[in-house]
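Me: Please take me through the labels used for this model, and for each one set the value against the criterion behind it.

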Amino acid sequence: MSQASTARSLTRFLIEEKREGRINPDLRLLIEVVARACKTIAVAVGKGALGGVLGDAGTGNGASINVQGEAQKKLDVIANDVLLEANAWGGHLAACASEEMDEPFLIPDAYPRGNYLLLFDPLDGSSNIDVNVSVGTIFSVLVCPGDAQDVDTQSFLQPGTAQVAAGYCIYGPSTMLVLTIGHGTHAFTLDREQGSFVLTQRDMRVPDETREFAVNMSNQRHWEAPMQAYVGDLLAGSEGVRGNDFNTRWIASMVADVHRILTRGGIFIYPWDSRLGTGTDPCKAGKLRLMYEANPMSLLIEQAGGASTNGRERIMDITPTHLHQRVPVFLGSRAEVAMASRYHHEHDMARASRFNDA
Ligand code: P6P
């Protein structure tokens, strides 16, 4: 049989998952629609300067700023619009929420509403667009609690454990869709000639151990004590308590860093830092967003045997209070995430003991 005929397309994979009772027709449609939207985004991203879509969005009086207070790129807006338009009419969604929109987009009355909620970062890492570094789309799927006609922001505020699907599409040398529907994490590569995603890695596994960490070291002086201690011991390498040398990678595109970790292991860290205030404000508890960055990536990583915490607790156990709230992120190889979390736990215990002794 030819390679083409034995290759398993995303469509065939989802039909077989439905046959196994792991997915229902509406969720299958949702994933196919998101995958198709990602192919459209891949075309726009791939054009680069030839597409006239690089640079900042916004009119002549300066770049437009999104709800995060960040300058929007033209491709941020394009990717967001592609995902909204693709998902509006299918009848599978009640509403969408996006990093690029203050409020959720409720499916208009002109179309039927379904029982799913879709959350996305339409183009994560977009600051890398203008320097031709891999970027990606991250998405998370929840079930709408109650009647879809009553959907509102509160409907989205569910912990990561409530996700029924999550994934990302990475626009790199190849375009890949990495997906979980709660039964493993699987990778599909876009066959540009056929125009379809083909299963290229079933059941990705994150190695438990690693010698590679990903963090933006320029923020080191702003980190809290346990994070300083943890990274200090990594940097001490084989002459320090860890007894091994470590390598570092930082692409500054979460999708690309997480994809590397899913592929060969590692730990990805974006910790809280003192510039963000006391850490008690959920909208300043870190840089990365809980609902449409940390939660979907955490589900993908856990489904691949890895772990994901905020340094102190499992990220997917956090009950959100704000749609755009942020969270410190430690995710990847299970043993290394446990080690980083141990530094935080031991720091907190010692502080509590000093407080009790005072
Ligand atoms: P820094 C991209 O803007 C992003 O949200 C993630 O994709 C990435 O991991 C992080 O920010 C990079 O942040 O502060 O290193 O530029």
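Reply: What follows treats the ligand site and then the helix pairs, in a model that is predicted.

Me: What makes Asn216 a polar contact of the ligand?

Reply: An N or O atom in the side chain of Asn216 is 2.8 Å from an oxygen atom of the ligand; the cut-off for a pair of N or O atoms is 3.5 Å, so this pair counts as a polar contact. Asn216 is also listed among the closest of the 13 residues that surround the ligand, together with Asp124, Trp250, Met254 and Tyr270.

Me: Which part of Met254 lies 2.8 Å from an oxygen atom of the ligand, and how far from such an atom is the polar side-chain atom of Lys287?

Reply: For Met254 it is a polar backbone atom that lies at 2.8 Å, whereas for Lys287 a polar side-chain atom lies at 3.0 Å. On its own the ligand has 400 Å² of accessible area, and the protein covers 84% of it.

Me: How is the shell around the ligand divided by class?

Reply: The shell holds 6 nonpolar, 3 polar and 4 charged residues.

Me: Why is H3 called roughly antiparallel to H4?

Reply: The axes of helix H3, residues 25-47, and helix H4, residues 74-88, cross at roughly 150 degrees and come within 9 Å. Angles over 145 degrees count as roughly antiparallel, and therefore H3 and H4 receive that label. Their crossing is right-handed.

Me: How do you know that the label for H2 and H3 is also justified?

Reply: Helix H2, residues 10-19, and H3 have axes that cross at roughly 165 degrees and come within 10 Å. This angle too is over 145 degrees, so H2 is roughly antiparallel to H3, and H2 passes H3 in a right-handed crossing.

Me: What makes H7 and H8 roughly parallel?

Reply: The axes of helix H7, residues 254-264, and helix H8, residues 290-303, come within 11 Å and cross at roughly 15 degrees. Since angles under 35 degrees count as roughly parallel, H7 is roughly parallel to H8, and the crossing of H7 and H8 is right-handed.

Conventions
Residues are numbered from 1 along each chain as its sequence is written. This is a predicted model: local features need pLDDT of at least 70, side-chain atom pairs count only at pLDDT 80 or more; totals for chains, interfaces and linings use all residues. Side-chain values use heavy atoms; hydrogens and water are left out. A residue is near a molecule or strand if one of its heavy atoms lies within 4 Å of it. A polar contact is a pair of N or O atoms within 3.5 Å; within protein, one must be able to donate a hydrogen and the other to accept it, and residues adjacent in sequence count only if both atoms are side-chain atoms. Accessible areas come from the Shrake-Rupley method with a 1.4 Å probe; for residues, only the protein chains shown count as cover. Ala, Val, Leu, Ile, Met, Phe, Trp, Tyr, Cys and Pro count as nonpolar, Asp, Glu, Lys and Arg as charged, and the others, Gly among them, as polar. Axes are lines fitted to C-alpha atoms, for helices over the stretch in contact, and angles run from 0 to 180 degrees between N-to-C directions. Helices (H or I, at least four residues) and strands (E, at least two) are DSSP runs, numbered from the N terminus. Angles under 35 degrees count as roughly parallel, over 145 as roughly antiparallel, 65 to 115 as roughly perpendicular and the rest as oblique. A crossing is left-handed if the near helix is turned anticlockwise from the far one by less than a right angle, and right-handed if clockwise.
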